[in-house]
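Subject: The structure I mentioned

Hello,

Here is the structure I promised to pass on to you. Please have it open while you read, and my notes on what was found will follow below.

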Amino acid sequence: CFNDTATTEIYTRSIVGSVRCVQETVLGLLLFCDVSSKRLKEYDLLDDDEEPGPSEYVLPKLAYPLDGLEPVISREILDLHYNKHHQTYINNLNAALKQLNEAIPRKDLPKIVSLQPTIIYNGGSHINHGMYWENLAPIRTVGGKLPSPSSPLGKKVIEEWGSFQKLIQYFTDRSNAIKGSGWGWLVLNKSTNKLEFVETHDQDTVSMLPDMVPLLTIDVWEHAYYLQYKNVRKDYLTNIWKIVNWQTVEKRYMLTQQY
């Protein structure tokens with residue numbers, strides 16, 4: 001379509017380069033799906049007796065009843081958040097993965113690429129919510145009970161933050177300042193071996209950030225609190241520490257020390 005050979009050659013090379021770039025992106029997506037599948041199994045987001053394919057993710061079982069987090073999170077909110085919102089993300093993820101599985105044998109590259117945002121968004125939501133549920137526990141059990149100052153995590157927090165109270169206040173303030181929808185995270189930065197706060201937006205996951213290992217996450221999407229706390233996100237963030245499962249946070253921290 002071009003009059004000179006040089007221009008045609010440049011254009012052709014550009015197309016070949018773009019195709020290779022897309023192929024690498026798709027390979028990354030498939031690896032993402034595989035890693036996520038293993039991670040979801042590891043964090044009990046898939047039933048032990050199931051060996052699902054990439055399009056068969058299921059809603060994880062809660063370790064507490066729907067009214068178990070009251071009065072901090074009402075039964076109504078938890079029911080809506082867990083059974084409606086989280087389930088919808090899973091349904092959308094499964095539908096997209098089914099289309100992906102159909103597109104791959106056909107080598108339908110445009111379709112494969114077009115599915116990436118849906119898979120990343122809904123897959124990220126499934127990962128984030130699964131971790132969020134594990135972060136919480138009823139007050140009558142272990143909810144809100146801080147680790148011992150002499151425990152590995154206790155020593156780490158006191159060494160770097162001075163106290164759990166200072167860490168909690170900083171986490172609360174930063175999460176409250178997140179614009180729009182997103183997640184607040186306590187992570188271990190493997191490159192510095194320091195505990196840090198990071199934020200992700202929409203349904204992005206910490207796995208998208210290099211060297212960041214998630215220990216704790218708090219959902220600051222409005223559907224996580226609005227029915228109970230209205231537009232006062234700060235009240236939700238202040239109260240949620242009463243039901244944080246620090247035992248789970250400490251277990252995750254201990255796993256980071258094994259590699």
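Which residues does S175 touch, not counting residues up to four places away in sequence? They are G184, F197, V220, R233 and L237. Please keep in mind that this is a predicted model. S175 itself is found in helix α6, and with a relative accessible area of 0% it is buried.

Two of those partners, R233 and L237, take us to helix α8. This helix spans residues 233–240, and R233, Y236, L237 and I240 are buried in it. These residues sit on the same side of α8, because they cover an arc of only 95° around the axis. A general point helps here: an α-helix has 3.6 residues a turn, so residues three or four places apart point the same way. What do the buried residues of α8 pack against? The answer is α4, α6 (164–176), β3 and α7 (226–229).

Next, the strands. β1 (residues 182–189) and β2 run antiparallel, and eight bridges join them. In this pairing, G184 stands opposite E199 in β2. The two strands form a hairpin with four residues between them, and in the turn N193 has a positive phi of about 60°.

G184 also leads to D219: the two are 35 residues apart in sequence, yet their C-alpha atoms are 6.7 Å apart in space. D219 lies in strand β3. Is D219 buried or exposed? Its relative accessibility is 0%, so it counts as buried. Its side chain makes a polar contact of 3.0 Å with the side chain of H81. A polar atom of the D219 side chain also lies 2.8 Å from the backbone nitrogen of W221. Leaving aside neighbours within four places in sequence, D219 is in contact with H81, H129, Y132, G182, W183, A224 and Y236.

Y132, one of those contacts, is worth a look of its own. With neighbours within four places left aside, Y132 is in contact with I73, H81, W183, T217, I218, D219, A224, Y236 and I240. The largest nonpolar core has 59 residues, and Y132 is among those that touch the most other members, together with I73, L78, L216, Y236 and W246. Which element gives this core its largest share? That is α2, with 10 residues.

Now to the aromatic rings. The structure holds 13 aromatic pairs. In one of them, the ring centres of Y89 and Y121 are 6.1 Å apart and the planes stand at 65°, so the pair is edge-to-face. It links distant parts of the chain, with Y89 in helix α2 (residues 75–106) and Y121 in helix α4 (residues 116–134), 32 residues apart. Y89 is buried, at a relative accessible area of 8%, whereas Y121 is partly exposed, at 31%. W161 and Y170 form another aromatic pair, a tilted one, with 5.2 Å from centre to centre and 50° between the planes. Y170 is partly exposed, with a relative accessible area of 34%. Both rings belong to a cluster linked by ring pairs, which is made up of W161, F164, Y170, F171, F197, W241 and W246.

Helix α4 has another residue to show you, G123. At 8% relative accessibility, G123 counts as buried. G123 and I90 are 33 residues apart in sequence, while their C-alpha atoms are 7.4 Å apart in space. Not counting residues up to four places away in sequence, G123 touches L93 and T118.

One last stop is T205, in the loop between β2 (194–201) and β3 (212–219). How accessible is a residue in that loop? T205 counts as buried, at 4% relative accessibility. Its side chain is joined to that of S207 by a polar contact of 2.5 Å. Once residues up to four places away in sequence are set aside, T205 touches G124, I127, N128 and T200.

If you would like a place to begin, try D219 and its polar contact with H81, then move on to Y132.

Best wishes

Definitions and conventions. Residues are numbered from 1 along each chain as its sequence is written. This is a predicted model: local features need pLDDT of at least 70, side-chain atom pairs count only at pLDDT 80 or more; totals for chains, interfaces and linings use all residues. Side-chain values use heavy atoms; hydrogens and water are left out. Rings of Phe, Tyr and Trp (its six-membered ring) pair if their centres lie within 6.5 Å; planes under 30 degrees apart count as stacked, over 60 as edge-to-face and the rest as tilted. Buried means under 20% relative accessible area, exposed over 50%, partly exposed in between (1.4 Å probe, protein chains only). A polar contact is a pair of N or O atoms within 3.5 Å; within protein, one must be able to donate a hydrogen and the other to accept it, and residues adjacent in sequence count only if both atoms are side-chain atoms. Contact means heavy atoms within 4.5 Å. The arc is that of the directions from the helix axis to the C-beta atoms. Two strands pair if DSSP finds at least two bridges between them. A nonpolar core is a set of buried Ala, Val, Leu, Ile, Met, Phe, Trp, Tyr and Cys residues joined through side-chain atoms within 4.5 Å.
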